[in-house]
Amino acid sequence: MGYVAVRGGAAAIENAAQFSLVRRAGGDSNLLEPAQIRDQLHFAVDRVMGEGSLYAPDLAALAFKQAAGDTLEAAFILRAYRTTLPRLGYAEPIATDAMRLIRRISAAFKDIPGGQLLGPTSDYTLRLLNFDLQAESSARTREAVAQLFKDTAPLAPLPERFPKVVEMLRREGLLAPRPASSGKEEPLVDITRQALTFPAARSAQLQSLARGETGGMLALAYSNMRGYGSVHPVIGELRVGYLPVPYKNPVSGVVETIGEILVTEAEVISRIADDGGPAVFSLGYGLCFGHNETKAIAMAVLDRAIAATEPAAPSEDQEFVLTHVDGIESMGFCNHYKLPHYVTFQSELDRLRNIQAEETSARDPLS
Amino acid sequence: MTLSVPLEPMPPTADWRDRLPTEGDRYAYGFLDEGAKREIRRKLLKAVAIPGCQVAFGSREMPIARGWGTGGLQLTLALIGPQDVLKVIDQGADDSVNAVNIKRFVKRVTDAALTTDTAAATLIQTRHRIPEEPLRPHQVLVFQVPIPEPLRLVEPSERTTRRMHAEADYSRMWLYLYEDIVKFKAITVGARYPVMVNRRHLMDPSPIPRWDVPKLNRGEALLLFCAGREKRIYAVPPHTRVEPLAFEDFAFRVEAFDDRRCERCGATTTFLDEVVDDKTGRRVYSCSDTAFCDKIRRRGDRETPSPEEKRG
């Protein structure tokens, strides 16, 4: 007799691991090196770092390899590693105008102080399959890359700081003023150390979104842009670049730079729906690890959307957005339905049979 | 970049590293860092002090997925010590894949003793069942909880349900049950039946069948609940009054198995799994609690142990 299928666990788990190994590494092609993934699949690595909430390109590349290219799974592996690391402290606040830029654009103004920098983007390339990459010669590609820089004269050093576009609006009084500081700073909430409560502190809101899953955030932000919401975003500024991480030495008290992180930052401008006051723009802010413009823009739109005092759509409801954007949580819960549920289902069956039996006897009182 | 994890200086015994399997020593005893364990223990004290009340905690990410028992696992890892004997069940079974996976992980990071015998365990982690064998005072039962909020059925917002608990305002839950009776002449809640704890807090007992709900009332063991994804801990201390919601003229009822008995051990007083026989297409029943079933069988025919029993 077929005695309950999901038993005999240990051997089945071993076999599953072996099957997965064959699926990942059973082909004829060369095995991937994590360094190749880190350098050449950098968007995947950046996405995994952002959603895995750990800035570690080498480990993210390893996780991506281990997960055979499943970004949700790779981010999950990275998170599970991250959780074992002690929280030694918090970086000092970083002013992003000092970002070492590789890309910077504004959709709001044609000319911005410091200039627009297109940088590495596929925005204006035709998405035609490039068959040349099928049998790419390492030597020739390397040569081509070397040629690129051969005749390039070193530029005058870039300015230390690029002024923020939104600052121009702020100076003109077109931007909603920052909420008046009550003298005491809002305490920093770290959602990896305490559960999210509502209304969430701003630090907790931004942290939740920065760790969010790109696809999930995109869907929610898109619903808002498309009509289930009231954010009509204009990209004030989008930046991609490297930021130094300042950390205050707990012993000496001296602030030191402990490293550099690649981030994408989006500042989205949207008109505030008039509620009696003067018409002004307000700001939505997005920042995430690595180069991930879709996520940064979606985050900025959602940040602006959940500032609504009276949510009119799911994407404007703070609790709705913040509790559903985490990829590790949503993916885990979605997949848990694969676990056996036969006890709970038995319980449901009992109810349904009971109700149906009652209905039958009510219809046919003689039976 | 190095892969080694900075270890906290916290060996529970001098030779604990030697007893860990290879690779295990990359992780701290019990996987969680000491700060996390301390927080969980403190939140547990609060949960025990206010039976049935959900206490928020900074749930850590685990190497198993959210929804697969990360809450229960965190409690187990925060509580377990070298003297403990661990049993893990999933839907009543010790050898279900997820239970085995969790056991393997806890074993790897603690080297704890494992058992399938309910009576021998000091710590039992469970998903969706309470063992049939009555629990004793020295035992702790840890429930994996998917949705800790009993009011989620009637109210999606956490902000609102927190307020409802604070005011002990459970009218909408009562109304839900009442409307259920009006519509179906029955309360249609199958598993996850809402219970009132200590006459104060409405509590989700996790998706245990209604069959197990009476076992929550005035038990001898400490019952701990944890939802990893939703980041909540709650507890039912021993001898606490736990009552399923019911009306004076509409009693709470457990699942009816009529006169059916377990195909393997013959028991008529256990929660049964329904299985359709591959060959005959006949519906047959067997105990959901496999360890209990095995025990009865051993007691029943000591002389002729069946091959199935040797499965281990």
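In the predicted model, Ala60(A) touches Val45(A), Val48(A), Met49(A), Gly52(A), Ala74(A) and Leu78(A), leaving aside residues up to four places away in sequence. Ala60(A) belongs to the largest nonpolar core, which holds 123 residues. Within this core, the residues that touch the most other members are Ala60(A), Leu78(A), Met299(A), Leu302(A) and Leu224(B). A further core lies apart from it and has eleven residues. Trp211(B), Cys262(B), Phe271(B) and Ala291(B) are among them.

Chain A is divided into two parts: domain 1 spans 30–85, and domain 2 combines 96–121, 156–177 and 188–330. Their centres, taken over C-alpha atoms, are separated by 23 Å. Domain 1 of chain A gives 14 residues to the contact between them, and domain 2 of chain A gives twelve. On the side of domain 1, the elements giving two or more residues are helix H3 (42–52) and H5 of chain A. H3(A) gives the most, with eight residues. By class, this side of domain 1 has seven nonpolar, three polar and four charged residues.

An open sheet of four strands is found in chain A, with the order S1-S2-S3-S4 and antiparallel pairing. Strand S1 (100–105) and strand S4 (281–289) of chain A stand at the edges. Each has a single partner strand, so one side of each is left without a neighbour in the sheet. Neighbouring strands are turned by 25° against each other on average, direction ignored. S1(A) and strand S2 (residues 234–248) of chain A run antiparallel and are joined by five bridges. Ile105(A) stands opposite Leu238(A) in S2(A). Helix H10 (residues 293–305) of chain A packs on the sheet. H10 touches S2, strand S3 (255–271) and S4 of chain A, and its direction makes about 140° with that of S4(A). Met299(A) and Leu302(A), listed above for their contacts in the largest core, fall within the range of H10(A).

The contact between the chains takes 47 residues from chain A and 54 residues from chain B. On the side of chain A, two or more residues each come from helix H1 (9–25), helix H4 (57–66), helix H5 (71–82), helix H12 (327–336) and helix H13 (342–363). The largest share, eleven residues, comes from H13(A). The residues of this side divide into 21 nonpolar, 15 polar and eleven charged. H5(A) thus appears on two surfaces: the side of chain A that touches chain B, and the side of domain 1 that touches domain 2.

How values were computed. Residues numbered from 1 in each chain as written. Chains lettered and ligands numbered in written order. Predicted model: local features only at pLDDT ≥ 70, side-chain atom pairs only at ≥ 80, totals over all residues. Contact = placed C-beta atoms within 7 Å. Nonpolar A, V, L, I, M, F, W, Y, C, P; charged D, E, K, R; others polar. Domains from an automatic or database assignment. Core = buried A, V, L, I, M, F, W, Y, C linked by C-beta atoms within 7 Å. Buried ≥ 20, exposed ≤ 12 C-beta atoms within 10 Å, placed from the backbone. Pairing = 2+ DSSP bridges. Axes fitted to C-alpha atoms, helices over the stretch in contact; angles between N-to-C directions.
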